[in-house]
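This report describes a structure in plain terms. The sequence and the model come next, followed by the account.

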Amino acid sequence: MPPTTHPLKPRSTWLRFWRQSLRVHVLIALGSIVALATIMVGLGIGFFVYRSDQTNWQNRQREAARYAALAVNEFVGRVQVSMTNVGLLDTAYLEQSPSLLFTLLRQNPALLEIIRLDYQGQVLAGAYQDDAPVLSNLFTIPQSTWFVTARRGQTYAGQVQISANQKPYLILAQPAADHGVVAARLSLEALWRLVDGLRFGETGQVYVVDSRGSLIAAEDQELVLGHTSLDGRAELQAASAQRDHRWTGEYVNFQGRQVLGSTQLIEPVQWTVFAETQLTETLAATRRALLLLVGIALIFSLALLLATNSAMRSILFNPLAQLRDGAVRIGQGDLEHRVSSGWNNELGQLATAFDEMSANLKEREAALAQARDAAQSASQFKSRLLANVSHDLRTPLSAIMGYADILKEEVYGELNERQRNSVQRILANTQRLLELVNSLLDQAQIEAGRLDWEIAPFKPADLMTELQNVMGVLAQQKGLQLITYIDPGLPVIVHGDQRRVYQIATNLVGNAIKFTDRGWVRVAMLPDSSYWIIRVSDTGRGIPPEALKHIFDPFNLVDNSTTRSERGVGLGLSIVQQLAGLMGGCVDVTSELGHGSTFSVHLPVEHIRAVEEHT
Amino acid sequence: MSQPLALIIEDETDLGEIFSMALQAAGYETQQAFTGPDALTKLAGCAPDLVVLDLHLPGLDGGQVLKDIRRDARLRRTRVMLATADAAFARTLEKEADFVLLKPISFSQLRDLARRLKPNPPGEPGVGA
């Protein structure tokens with residue numbers, strides 16, 4: 001039969017390493033745990049840093065707002081003190097000393113103009129630092145909001161205005177003695193200088209909005225002059241909802257910047273002071289801390305993995321590699337190899353157990369070798385004995401056959417019927433005994449590996465003719481037909497040991513004749529790709545399926561019920577199979593109980609082709 | 001010349017006797033030798049027409065005896081028939097021997113073969129003349 005091959009499937013070495021490496025598994029597991037732990041700790045620390053930093057920043061913002069409010073309050077307060085003083089002055093005194101208000105103005109540069117009015121709105125006295133007075137020149141004073149408001153007993157703070165000489169100002173008014181009113185123009189430039197001076201941090205800024213939400217002081221004066229209004233903005237509403245407008249929060253301010261802001265109220269004028277710092281600054285520390293944490297965590301994880309890898313290598317993988325190499329060496333037969341090297345841990349115990357195993361293996365191997373040698377010498381002895389005994393058995397058998405033959409040939413005189421019959425039986429039994437001895441000798445030679453081969457070209461047709469001549473007689477004696485067939489596709493000359501092929505064929509045909517009572521025995525020679533087949537089929541009694549499995553075992557007899565004369569020693573088919581195997585071929589059998597059996601001997605044809613090429 | 005001469009070289013006396021009887025039945029005069037040296041002595045004293053030669057002999061094996069016969073010009077007409085159970089040994093001597101018979105050899109088989117090998121009586125055509 002042609003051998004079947006199984007092509008090896010190529011597998012990715014890297015994939016196999018990935019799946020099978022304990023080290024990779026451990027490092028992945030450890031790496032995952034470390035990464036998870038680092039992320040958790042990092043997030044925790046980051047959150048803590050963020051929270052405390054933000055609290056810190058909020059406090060700083062509140063502080064900044066409070067400080068700014070104090071400064072603005074003081075500024076407004078100074079103005080109001082001057083105005084209150086003017087308001088308290090006696091009307092007559094004011095008329096007698098018109099320079100008094102000018103002196104006051106010089107002492108308070110934030111005041112551009114100050115006037116004192118009576119309860120009807122008549123200007124009692126006034127002074128100004130600009131080129132021209134504004135308030136005292138008005139004809140509509142009694143209808144002015146500032147006069148009406150102050151007349152009602154409330155403080156008035158007006159909107160940003162620009163004087164004729166381009167100075168920004170706003171009007172302040174408050175009640176005075178005798179139901180009069182004190183009004184002043186407040187220089188915004190002074191307020192702006194103050195606010196501009198209130199800087200903190202890198203992005204910190206302060207601005208002031210009045211009670212209507214209009215911007216009255218900011219770092220960027222253009223915004224003020226452009227009448228920017230914060231009216232309706234969320235941060236202003238949030239601040240206004242608080243008592244004294246004390247509020248702190250994160251928001252996008254009117255400039256579109258993300259800021260942390262804090263607010264305070266300037267009570268007398270109902271202004272709101274904003275102190276803001278951009279979030280980029282307030283979050284910078286947290287961001288730096290997070291970056292630092294991530295960096296440290298990465299370095300720590302890497303160091304941990306490297307350390308683990310190194311530790312695993314020295315503690316686990318190097319010993320494992322030694323154990324593996326030891327196992328390989330022992331597997332290759334080096335049973336002297338020892339792997340123990342003084343480890344005191346479980347691996348050490350494993351190594352010791354390993355060494356004990358090697359020692360045991362060595363002992364067992366020695367015992368096995370001894371047993372094998374004993375068995376071999378016993379087997380050789382048996383084969384030799386068989387060969388010698390068989391050989392020596394044949395000599396007396398030859399003598400018995402010779403003398404019986406002499407009697408049968410009536411050399412010593414004519415035999416009567418009973419004598420002739422007895423001589424015939426002597427000859428037949430001797431022939432049987434001789435066949436058994438020949439089988440034993442063949443078996444002994446096969447087992448001893450001493451079978452001689454004679455490889456030469458021969459014609460299958462000659463073999464078939466000889467088979468027909470010799471076995472045809474036996475078939476005829478049993479009333480059977482011996483049919484022979486040679487396929488035209490079979491080469492005329494083949495190469496092999498004709499005697500052994502003939503031995504195989506006679507054995508199979510002899511068996512077929514022996515176990516067939518009527519019908520025919522057919523011998524066919526067929527080509528079959530790289531083999532040629534000798535197929536012997538019969539119409540005999542067949543072989544039971546359970547016996548078929550052991551049909552080629554030595555000393556196996558199909559049916560113990562067969563008569564003694566039919567039974568051989570049980571070596572015939574075994575020898576057939578062994579001979580075919582030694583020739584590089586094989587034998588198979590199919591059988592149907594009660595209908596017959598077919599034995600097919602497959603022999604290689606390499607020699608056939610070689611011979612064909614040379615003929 | 002009355003009868004052709006056959007020398008049977010066989011250490012087994014029973015087989016030697018059977019072979020003798022078969023050859024006598026075929027019309028030969030027979031002599032027997034039982035060892036190698038014995039065979040050489042007998043061969044020195046006669047020139048047999050046919051030698052039946054066993055291969056496993058005491059003293060000197062049959063192969064050596066065959067080589068001696070083939071070297072001896074006096075024995076060039078002698079036909080040698082190997083009679084042995086040792087097929088492998090016989091195969092090595094196939095070219096020098098005239099016939100190889102594998103034991104067991106039946107009485108009638110040897111008798112019939114020897115009859116055919118008999119040198120012709122004068123005036124009669126025959127085999128191998």
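Of the 615 residues of chain A, 39% count as buried, where buried means under 20% relative accessible area, exposed over 50% and partly exposed in between, with a 1.4 Å probe and protein chains only. The model is predicted: local features need pLDDT of at least 70, side-chain atom pairs count only at pLDDT 80 or more, and totals for chains, interfaces and linings use all residues. Residues are numbered from 1 along each chain as its sequence is written, chains are lettered from A and ligands numbered from 1 in the order in which they are written, and side-chain values use heavy atoms, with hydrogens and water left out.

Chain A has 17 helices and 18 strands; helices (H or I, at least four residues) and strands (E, at least two) are DSSP runs, numbered from the N terminus. About 34300 Å² of chain A is exposed, and carbon and sulfur atoms supply 56% of this area. Accessible areas come from the Shrake-Rupley method.

Two residues are set out below.

| Residue | Helix | Relative accessible area |
|---|---|---|
| Thr282(A) | helix 9 (residues 279-282) of chain A | 0%, buried |
| Asp14(B) | helix 1 (residues 13-25) of chain B | 38%, partly exposed |

Thr282(A) touches Asp53(A), Gln54(A), Trp57(A), Leu260(A) and Thr277(A), leaving aside residues up to four places away in sequence. Contact means heavy atoms within 4.5 Å. Among contacts in chain A between residues at least 6 apart in sequence, 62% join residues at least 24 apart.

How values were computed
Areas by Shrake-Rupley, 256 points an atom, 1.4 Å probe, with all protein chains shown as cover.
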